[in-house]
Structure formats: C-alpha cells, structure tokens
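Please open the model in your viewer and keep the sequence panel visible beside it. The stops below suggest what to select next, and each one says what is to be found there.

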Amino acid sequence: LFFCKIFSLFYDKKKKRYYNDFMMNFILQNLPWFWLGMAIIFTLIEVFTTGLTTIWFAIGSIPMIFLSFLPIPFLYQVLIMLVISIVLLIFTRPFVMKKLKANKEKTNVDALIGKTCLVTKKITKFEKGEVKIDGKIWTAKSTSEEDLEEGSECLLQSIEGVTAIVS
C-alpha cells in the first residue's frame, strides 16, 4: 500500500482504492522486467548526461533482476538497489573518474604549459613582451619582478586569454 500511495494521483472514494492499483499490480507481477527497464532508463540518462552518476544505479538495478525472483517484498528490493547503487557511487566513482582523467592527453594550449620559451621581445614588470613557443609567437607577461631580456629562456606557467604567463 505504501508504494500504491506514492504512485497514485487519484483516489476512488466509492471503491476505496487507488486508480493505479492496476499499474502497481502489473509492476509487482513483472518485477524482473521492471528492474530491466530501470537499468535501461538509468543507462540512457547516463548516456545523455555523462556525469558518471546514474550508471551506478543502472548497475545496482541489474542484480535486482535476479533477486526479484526471490520472495522479497518490493520495498526491500528498492532499498537493496539503493544501497548497492549508493555504495558503488561512493566507493567506485572517484576511482573511475581518476582513471578517466588520467588517460586524457593534453591538447592545444594545455600541452604548452610547462614548456621552455624563447623571449623574442623584452618583458618587463610593467610592459608585455613576446615569447616563441613551438614556433609560434605569443604576447607574454612575466610573473617575476626581474626583466626578461630578448634571447633568454623562460618557463610557460599558464595562459590567460591570448597572453602567455612566463617566469
């Protein structure tokens, strides 16, 4: 009755029952299909959001397909699925996120950070200059107090817009 009340929108006072009793009974009689449907729905949500959150609920729904053949009340099945999913979310998501980020190769501007640059135009504390990085000229400013003379080498710290920050 608890889930009937949650899923209900209308109550028939004459018959003293919820209109969606049929739907609830249908779900309870087809629990393996319900859990398969939930796994598919959670997977589709994950495909479109790519937050690596709902995939754990999809994985938590899969054992429930098999557990639904046992005489476990539906409320307990939902609680078991939530416990499995939340445990997976808490303990495995950080590990998977770390692994997914570790395999990313630096591209474009990110690949330049940390490289050695050649100063092509003097850089002072108050005036921008230019540096050459991988054959390309960049406007640059220094993070250090001292001037960087033309022909000297420096290290690219970061890039802000189109300006290279060097030291």
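Begin with the largest nonpolar core, which has 14 residues, and select Val131, Ile133, Leu156, Ala164 and Val166, the members with the most contacts inside it. Bear in mind throughout that this is a predicted model. To see where the core comes from, colour strand 3 (116–121), strand 4 (129–133), strand 5 (136–142), strand 6 (153–160) and strand 7 (163–166), since these are the elements that give two or more residues to it. Strand 6 supplies the largest share, three residues. Apart from this core lies another one, of twelve residues, and Trp35, Met64, Ile65 and Met81 are among them.

**The whole chain**

Now zoom out and show the protein as a cartoon, in which there are five helices and seven strands. Followed along the sequence, these elements give the pattern α-β-β-α-α-α-α-β-β-β-β-β. Of the 167 residues in the protein, 29% are buried. If you switch on a surface, about 11,800 Å² is exposed, with carbon and sulfur atoms supplying 65% of it. Among the contacts with a separation of 6 or more, 48% are accounted for by residues 24 or more positions apart.

**Strand 4 and its partners**

Select strand 4 next and turn it so that both of its faces can be inspected in turn. Gly129, Val131 and Ile133 form the covered face, while Glu130 and Lys132 form the uncovered one. On one pairing, strand 4 is joined to strand 3 by three bridges, and the two run antiparallel; here Val119 stands opposite Val131. Strand 4 also pairs with strand 5 in the antiparallel sense, over five bridges. Within that second pairing, Glu130 stands opposite Thr139, and Val131 stands opposite Trp138.

Follow the chain from strand 4 into strand 5, and you pass through a hairpin that has two residues between the strands. Select Asp134 in this turn, where phi is positive, at about 50°.

**Strand 5, strand 7 and Ser142**

Keep strand 5 selected and add strand 7, to which it is joined by four bridges, this time with the two strands running parallel. Ser142, whose place is in strand 5, stands opposite Val166 in strand 7. Is Ser142 buried or exposed? Its relative accessibility is 14%, so Ser142 counts as buried, the cut-off being under 20%. Show its side chain together with that of Ser144, and you will find a polar contact between the two at 2.9 Å. Leaving aside neighbours within four places in sequence, Ser142 is in contact with Ile123, Leu148 and Val166.

Val166 itself deserves a separate selection, with its surroundings displayed as sticks. Again setting aside neighbours within four places in sequence, its contacts include Cys117, Ile123 and Val131, as well as Ala140, Lys141, Ser142 and Thr143 from a later part of the list. Leu148, Cys154, Leu155, Leu156 and Gln157 are also in contact with Val166.

**Two cysteines**

Select Cys117 and Cys154, and draw a distance between their sulfur atoms. Which cysteine sulfur is nearest to that of Cys117, and how far away is it? The nearest is that of Cys154, at 4.4 Å, and Cys117 is in no disulfide. Cys154 is likewise in no disulfide, its nearest cysteine sulfur being that of Cys117. Because a disulfide needs the two sulfur atoms within 2.5 Å, the count for the protein comes to zero disulfides. Cys117, at 2% relative accessibility, counts as buried, and Cys154, at 4%, counts as buried too.

**A last stop in helix 5**

Finally, move to helix 5 (residues 74–102) and select Leu89, which has its place there. Its relative accessibility is 22%, and Leu89 therefore counts as partly exposed. Add Leu52 to the selection: the two are 37 residues apart in sequence, yet their C-alpha atoms are 8.8 Å apart in space. Leaving aside neighbours within four places in sequence, Leu89 is in contact with Leu52, Thr53, Trp56, Phe57 and Pro94, and showing these side chains completes the tour.

Methods:
Residues numbered from 1 in each chain as written. Predicted model: local features only at pLDDT ≥ 70, side-chain atom pairs only at ≥ 80, totals over all residues. Heavy atoms only, no water. Core = buried A, V, L, I, M, F, W, Y, C linked by side-chain atoms within 4.5 Å. Buried < 20%, exposed > 50% of the residue type's maximum accessible area, 1.4 Å probe, protein only. Contact = heavy atoms within 4.5 Å. Areas by Shrake-Rupley, 256 points an atom, 1.4 Å probe, with all protein chains shown as cover. Pairing = 2+ DSSP bridges. Polar contact = N/O pair within 3.5 Å; in protein donor to acceptor, adjacent residues only side chain to side chain.
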